[in-house]
Amino acid sequence: MLTVDALREYGADVDTGLARCLNNEAFYLRMVSMTVPDTKLDELEAAIAAKDLDRGFELAHAMKGMYSNLALTPILNPVNEMTELLRARTDTDYSKLLAEAKLQKEMLNRMAE
Amino acid sequence: MEENTSKINANHRRYVLIVDDEEINRQMLGFIIGNDYDVMYASNGCEALDILHENSYRISLILLDILMPEMNGYELLEVLRNDMELRKIPVIVLTSEKSAEVDSLRMGAVDFIPKPYDMPDVILARVGRSIKLAEDSSLLSATEQDSMTGLYNKGFFYVYADMHGRLNPDMDMDAVAIDINRLHIVNDLYGRAYGDQVIRRLAGRIKRYAYEHGGYAGRSDGDLFYLYIPHTDDCDALLEELGKDLRLNDDDIQITLRMGIYQNADRSTGMEACFDRAENACKTVRNTYASSYSFYDSKMHEKELYDEQLLGEVDTALAEGQFKVYFQPKYNIRGGRPVLSSAEALVRWIHPALGFISPGAFIPLFEKNGLILKLDKYVWKKSAEQMRIWKEKYGVVIPVSVNISRMDIYEPGLEDEIRSIAAAEGIANDAFLLEITESAYTDNSDYIISVVNSLRSSGFRIEMDDFGSGYSSLSMLASLPVDVLKIDMAFVRNITTSEKDYRMIRLMIDVAGFMGMTTVAEGVETKEQLDLLGQAGCDVIQGYYFSKPVPPDEFEQFIEKELEESKNADS
């Protein structure tokens, strides 16, 4: 069940996220739940595999915007790191960062179930 | 612009368009501002443009993300900047990138909001401030602009053109005046709304030209526009660009422009003088059936100086009696012999330094700036005085025709003025024939008819001058209060060579006779013309055949001859 307490426990900066939603818990939680069906992380993995770093940067940057607004710190951290690497079109091994992001997204998804 | 100002109502909720490809970001921002604004959403630049084209009149602000698929924020800013309507809507850029902040401000954004959306209060304040600034500036533009075309009105146009001149003292600039040929015909044929649409279409082109070439565009009044642009040698291209097919439908009549250009305008005389010159050049374009242009040149400059001199000396000339009233006799030819029936008063200016100045040089000039009122009054007085002198000397009253200019008709005291002039000299009102040119009747016929009716009821007789030169028709005559119809000289000139003109004159005389009006033909120079006019039934003849206009003392020979002949005829 998706609650602010669960999100706190998960490591989200809930107070900041809530403040951005005018401290409206229901709205904040609705926004967080909207991240569940988001497929950008999978698309990012595919783009990196295909060495399409331009597309990779667009996707990572979009995710950064979304997760940073909601202050979902645990998933934001690896996404942030990938965004900066991709901004410089760094051709490196992203698997650890991808795995970390996927793990965090999985945890979020479970909370929302 | 009506649409623009309708947005500016303190009680309206404003519409804000949020453009962001990420739905969560759109929703969060919408949630922050949704209590204060109505929000519309687009997920990329293309979608935003569709919404903007449909709703530009009601959207007060755009909140714009930069990195988006299809059309990104920079691309949209570029499109907005080049669109005359959409560029008025302020844009705040949403970005997490420091570098994007400066770039977007350079591209025309008014502010930026950093991502993530910390401090919603600050976001609301920035949104509110940007809308207010844009609306204030739009209100200011509303007072600057002509409401029909959105171009600067004349006053602001001069201010901006002048400012441009001061900031770019070395730049060669052209002052251009543009008007639409025979717009009244277009209005008559297709209605006023059509004419207005043509004006707006032309205004749009003028505005675009000014915008693309770094100049200013203004509407003076009616269909007269001003352009202040960097100097161009290719005036054909300019005329082509502005005048290319202005009509609204393919089958409509062609609409053409005339353009006056004062190249490399000398700003030291002031902007108004520059555009007066462009306008004067514009008026010299004679061909109104094709678009064409004319330049302000040194000849025109000399004419202006000459006109200025004449205008500056009118009061002295009146005081010193430099204006001389000449009289041309008119003969009634309905009887066995021509009988002197009246005279027409014609003014001459004998200048001490310039010599004889043609009436053609000063009368149109005086008509333009109102001095004609003074001159007409002078002529009425001198004519009445002369009638009195002849009456005293010969015991007869020679009726005299005097000119009533358009402007006189609008003078509230006209009737009292003429009445008191006649009374002061002891002349009956019906000895005054008041000549009003035909075209004056088409200006504001109801008003003119009421003035003329009033003059007639006071006993003055009314002559319609130059009949056939204007737009009035024979059928119109029935509704006009006129005693005498004076046929335009142009018909008389051709009467011996043009069967058509002769038939036209016959028709005019027949109709006038039917209405109980007397007909006068002026400009009669030959016996042949006189005979033809006599056959056509014309009552009165005026022209060089009998005499040119002469000073009063010379005119006396005609009176004496008439008295002599009538005595002989009686005995």
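Two strands count as paired if DSSP finds at least two bridges between them. Keep that in mind for chain B. One caution before we start: this is a predicted model.

Let's take strand β7 of chain B, residues 173–180. β7(B) is joined to β10(B) by six bridges, and the two strands run antiparallel. Want one pair to find on screen? Look at B:Val176, whose bridge partner in β10(B) is B:Ile261.

Now the other neighbour of β10(B). That is strand β11 of chain B, residues 292–295. Here there are four bridges, and the strands run parallel. B:Gly260 stands opposite B:Ser294 in β11(B).

Stay with β10(B), residues 257–262. How many of its six residues are buried? Six of the six, so the strand is largely enclosed by the rest of the structure. The cut-off for buried is under 20% relative accessible area. In a regular strand, side chains alternate between the two faces of the sheet. Here is how that looks. B:Leu257, B:Met259 and B:Ile261 point one way. B:Arg258, B:Gly260 and B:Tyr262 point the other way. Both sets are buried.

Step back to the whole sheet. It is open, with six strands, and the pairing is mixed. The order is β6-β8-β9-β7-β10-β11, in chain B. Which strands stand at the edges? They are β6 (152–153) and β11 of chain B. Each has a single partner strand, so one side of each is left without a neighbour in the sheet. A helix packs on this sheet too: α11 of chain B, residues 271–283. α11 touches β7, β9 (224–230), β10 and β11 of chain B. The direction of α11 makes about 135° with that of β10(B).

Next, another group of strands in chain B. Start with β12, residues 323–332, and β13, residues 339–351. Ten bridges join them, and they run antiparallel. They form a hairpin, with six residues between the strands. One pair to look for: B:Phe327 has B:Ala345 as its bridge partner in β13(B).

β13(B) also pairs with β14 of chain B, residues 355–357. Three bridges join these two, again running antiparallel. This is a hairpin as well, with three residues in between. In β14(B), B:Gly355 is the bridge partner of B:His351.

There is one more partner to show. β13(B) pairs with β15 of chain B, residues 400–403, in the parallel sense. That pairing has two bridges. One residue pair here is B:Ala343 with B:Val400 in β15(B).

Some totals for chain B. There are 23 helices and 20 strands. The chain has 571 residues, and 49% of them count as buried. Take the contacts in chain B with a separation of 6 or more: 66% come from residues 24 or more positions apart.

Over to chain A, and helix α4, residues 40–49. Its buried residues are A:Lys40, A:Leu41, A:Leu44, A:Ala47 and A:Ile48. They cover an arc of only 120° around the axis, which puts them on the same side of α4(A). What covers them? The cover includes α5, α6 and α7 (95–112) of chain A. Just after α4(A), A:Lys51 takes a positive phi of about 60°.

Two of those covering helices also pack on each other. They are α5, residues 53–69, and α6, residues 73–87, of chain A. The angle is about 145°, and the axes are 8 Å apart. The crossing is left-handed. On the α5(A) side, the residues in contact include A:Phe57, A:Ala60 and A:Tyr67. On the α6(A) side, they include A:Leu76, A:Val79 and A:Glu84. The residues of this contact divide into nine nonpolar, five polar and three charged.

Last stop: a residue of chain B that touches chain A. B:Glu22 lies in the loop between β1 (15–19) and α2 (23–33) of chain B. Is B:Glu22 buried or exposed? Its relative accessibility is 6%, so B:Glu22 counts as buried. Leave aside its neighbours within four places in sequence, and B:Glu22 is in contact with A:Lys40, A:Ala62 and A:Met66. We have already met A:Lys40, among the buried residues of α4(A).

Notes
Residues are numbered from 1 along each chain as its sequence is written. Chains are lettered from A and ligands numbered from 1 in the order in which they are written. This is a predicted model: local features need pLDDT of at least 70, side-chain atom pairs count only at pLDDT 80 or more; totals for chains, interfaces and linings use all residues. Side-chain values use heavy atoms; hydrogens and water are left out. Buried means under 20% relative accessible area, exposed over 50%, partly exposed in between (1.4 Å probe, protein chains only). Axes are lines fitted to C-alpha atoms, for helices over the stretch in contact, and angles run from 0 to 180 degrees between N-to-C directions. A crossing is left-handed if the near helix is turned anticlockwise from the far one by less than a right angle, and right-handed if clockwise. Contact means heavy atoms within 4.5 Å. Ala, Val, Leu, Ile, Met, Phe, Trp, Tyr, Cys and Pro count as nonpolar, Asp, Glu, Lys and Arg as charged, and the others, Gly among them, as polar. The arc is that of the directions from the helix axis to the C-beta atoms.
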